[in-house]
There are 2 protein chains.
Amino acid sequence: MTKKSVDSLISARWVVPVIPENTVLENHCLAIDQGNIIDLFPENELDSRGYQTANHERLDNHVLIPGLINCHGHAAMALLRGYADDLALQDWLDNHIWPAEGKWVGEQFVYDGTSLAIAEMLKSGTTCFSDMYFFPDQTARAAQKAQMRCQLTFPIFNFPSAYGEGPLDYIHKGLAIRDDYKNQQLVNVIFGPHAPYTVSDEAFEKIAMYANELDVGIHIHLHETAHEVAESIEQYGKRPIERLNALGILTSRTQCVHMANLNQQDIDIVNNAGSHVIHCPESNMKLASGFCPVHELQEQGINVAIGTDSAASNNDLDMFCEMKIAALLGKVVSGNPSAVNAHNSLRMATINGARALGLEDTIGSLESGKAADLCAINMGAVEAQPLYSPVSTLVYTNSGNRVEQVWVNGKMLVKDGELTTLNIEEIYQKALEWGQKIAGQVP
Amino acid sequence: MTKKSVDSLISARWVVPVIPENTVLENHCLAIDQGNIIDLFPENELDSRGYQTANHERLDNHVLIPGLINCHGHAAMALLRGYADDLALQDWLDNHIWPAEGKWVGEQFVYDGTSLAIAEMLKSGTTCFSDMYFFPDQTARAAQKAQMRCQLTFPIFNFPSAYGEGPLDYIHKGLAIRDDYKNQQLVNVIFGPHAPYTVSDEAFEKIAMYANELDVGIHIHLHETAHEVAESIEQYGKRPIERLNALGILTSRTQCVHMANLNQQDIDIVNNAGSHVIHCPESNMKLASGFCPVHELQEQGINVAIGTDSAASNNDLDMFCEMKIAALLGKVVSGNPSAVNAHNSLRMATINGARALGLEDTIGSLESGKAADLCAINMGAVEAQPLYSPVSTLVYTNSGNRVEQVWVNGKMLVKDGELTTLNIEEIYQKALEWGQKIAGQVP
């Protein structure tokens, strides 16, 4: 028998590959080489497969799943976690968040805040995050340091900020970052026009043109509140989705975030365009934005993925918590307890996210040829017993704090719950210092 | 200066006494003697107050709060956690939960399942739980072993079960248990008629009479589903709340659980009766029962407390998770992001629970003269930084797994995250064995 040397083998008590759907494999083994999954097979075939490695990880009481994909957030805002809660949206933005951002946001804020967010995300099993924020080059720098995968959606507004002067400046800065990271496997850079109410028709037309020419994605907050929809009708005579569709923004490369205020016409437009929906259940609830009709969207064939949104409107970045709430909310909103089941919710947080980000050939499931972005959860807690269904327990019982191992591209970034590429003490200290400054406790 | 010897002192970085409302004290100290809180004062008055103790606990990076009160559950069903998820309510009950209960429920099931639930509840900061299940004497036995506080609501149905023959038998058995525990400080025994659709008018009249004579509480599932309401109108010509009110069941000693399908008349009846509402947000979402209008009920002056319901419809017993979802759901359902704020949610899980259970003189806040039922949460996790508002962080960021110390009646039941009165290995092993039996993996 030929022996084949591989970088690592991971044996796990349970493996949930996500594709094929609704599958839980017991006592299976994953072979990884050069960052990719090259095989997935029953443990008892270990000898006959002939793999040799110096790194054989044995996870006797763990479930191994694809790394989670957090499809929407503003990582640096982790520094504003709990800064202003329980407020009406406009009060929250106008009188708290925007003034704080105006005063504090700069390169260091973004780097330190993103590092804090990455520490939390990795520790709770997220291996890829999408981000929309000022100074995306700093977000990229923090992600590269951690060796975590990310999608940067460079921000575009009509108005100036510490980061840019206006729509064209934002676009040019963003495309320059895209060029800088063109050859970086772990960073994908796409357009991030903030929202229908902060970007003009003219800018949208430019974005649509560039996105088409360059074959690049667009990520946008859309139909978050009823107010946004009403205002658009007043200003443009059209609902935001209708307007964006007319401007060429909605394509199969478009990621529509929130989508909490929809009618059937909106759903049809998005469906015909083949655009993706990024559902942010906790944020929609906390800001009282409304309900995204996940079950209905899925029934009609629309791809729905999940995001946490920022820690300022959540206030954690734990995708397990988000999966639980997505499932619970999907049921009660549709009035159907079998809607959005546990496997479905796990798909939203993995393969559906990969599809939304245009990365379905690379991540989102444990299949040969895909990158080894993985997450192992210890099921030995008393709170997880008895264990009739690993996926049900993963989704419904707060598993984020039971994540023990996390890999991105075959590299172990979390080992026994500890980060391997980041200095947690330093990140913690920086967060403390920012917190004191922002709260006005130090000059 | 006189020295006063006390059983223990607890110094904490932050203390949230709950009463007075919306208060966060920094660097305060709690004096405890004979199971009761006897003083709460600023740390810098430690010398001048003159307390002496051999037990001075210093919690330098912790928030100290009243122990959480889980006002509704079926603890023993922890053994059915994840046994049958994502199913329609009637299918779930008829084809899964009830057959499993019919086959397995007995004294040992209840004792072992309740012990499992107690382990999880104590570790996540719950110090008092309300329970409705068969063989409540076994529930009491498990709680007494743990030295945890509980309210037993002895079950009453029209139909027989492994535990009782019919309504009168259930009532007599329950009252006998009430007599057995009359002098036990930590156990309170009240009536638990299951629901309007499982108890006859005749039995309700008897329960109302006994409850009045004995001045004992009543705990009942009420208006959980729209189906329940429709069926009652068909059968009795009245909505369930209307019918129960006419039967004398609704008083200021009554705890109405779920209340997810209400109209204004229902709310008025409950308000006039002074009855309490036990909100179970995760269970209502998971079973797609509907929305309890928490903000509306509170605005009208009704006391709302929180319960997890059983691990079969949740699937965890973590009251921090329940507080978060209660706050998020209260906002989105009322369309008001400032509704059900973090302090409010903490009140629902503490003092409001104490009021609902008729224990407001004993527990629910950190006031002199109350029992020392406490919970300390370590705020040093990177996921909790920066820390602008301890209560916001407690409620919105999954703090259940950061509970380190828990006391009931002044006795430390959780120390550094470990149980002091229970054998966790034994409980875990029993849960594994029950799980294998119930799943049919062993004969």
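The legends below describe close-up views of a predicted model with chains A and B.

**View 1. The two chains, A and B, superposed by a rotation.** Chain A is superposed on chain B by a rotation of 180 degrees with 0.0 Å of shift along its axis, and the RMSD of this superposition is 0.0 Å. The two copies are thus related as by a two-fold rotation axis. Both copies use the same surface, since 100% of the contact residues of chain A recur in chain B. Among the residues of chain A, the one that comes closest to the rotation axis is A:Asn401, whose C-alpha atom is at 3.7 Å.

**View 2. The interface of chain A and chain B.** How many residues does the contact take from each chain? There are 65 residues from chain A and 65 residues from chain B in the contact. About 4900 Å² of area is buried between chain A and chain B, and carbon and sulfur atoms give 64% of this area. On the side of chain A, the residues that lose the most area to chain B are A:Asp86, A:Val382 and A:Tyr388, which together account for 16% of what that side buries. Eight salt bridges are found across the interface of chain A and chain B. In another detail of the model, A:Lys324 forms a salt bridge with B:Asp316, and the closest N and O atoms of this pair are 2.5 Å apart.

**View 3. Domain 1 and domain 2 of chain A.** The domain assignment of chain A gives domain 1, made of 4–66 + 370–409, and domain 2, made of 76–102 + 157–176 + 191–356. The C-alpha centres of these domains of chain A lie 32 Å apart, while 20 residues of domain 1 are in contact with 17 residues of domain 2. The area buried between domain 1 and domain 2 of chain A is about 1500 Å², with 70% of it given by carbon and sulfur atoms. In domain 1 of chain A, the residues that lose the most area to domain 2 are A:Val18, A:Val395 and A:Tyr396, together 39% of what that side buries. The count of salt bridges between domain 1 and domain 2 of chain A is one. A close-up of charged side chains shows A:Arg347 in a salt bridge with A:Glu21, where the closest N and O atoms are 3.7 Å apart.

**View 4. The bend in helix 2 of chain A.** Helix 2 of chain A, which covers residues 89–104, bends by about 35 degrees at A:Ile97, and within four residues a proline follows, A:Pro99. The buried residues of this helix of chain A are A:Trp92, A:Leu93, A:Ile97, A:Ala100 and A:Glu101, so that A:Ile97 is both the place of the bend and one of the buried residues.

**View 5. A:Ser232 in helix 7 of chain A.** A:Ser232 lies in helix 7 of chain A, which covers residues 226–236. Is A:Ser232 buried or exposed? With a relative accessible area of 7%, A:Ser232 is buried, because buried means under 20%. Not counting residues up to four places away in sequence, A:Ser232 touches A:Gly237, A:Lys238, A:Arg239 and A:Pro240.

**View 6. B:Thr2 in the segment before strand 1 of chain B.** B:Thr2 has its place in the segment before strand 1 (4–5) of chain B. At 69% relative accessibility B:Thr2 counts as exposed, because exposed means over 50%. B:Thr2 and B:Ser48 are 46 residues apart along the chain, and their C-alpha atoms are separated by 9.7 Å.

Notes
Residues are numbered from 1 along each chain as its sequence is written. Chains are lettered from A and ligands numbered from 1 in the order in which they are written. This is a predicted model: local features need pLDDT of at least 70, side-chain atom pairs count only at pLDDT 80 or more; totals for chains, interfaces and linings use all residues. Side-chain values use heavy atoms; hydrogens and water are left out. The bend at a residue is the angle between axes fitted to the seven residues ending there and the seven starting there. Helices (H or I, at least four residues) and strands (E, at least two) are DSSP runs, numbered from the N terminus. Buried means under 20% relative accessible area, exposed over 50%, partly exposed in between (1.4 Å probe, protein chains only). Copies are superposed by least squares on the C-alpha atoms of residues with pLDDT of at least 70 in both. Contact means heavy atoms within 4.5 Å. Domain bounds come from an automatic or database domain assignment. Buried area is the accessible area (1.4 Å probe) that two parts lose on being put together, summed over both. A salt bridge is a side-chain nitrogen of Lys or Arg within 4 Å of a carboxyl oxygen of Asp or Glu.
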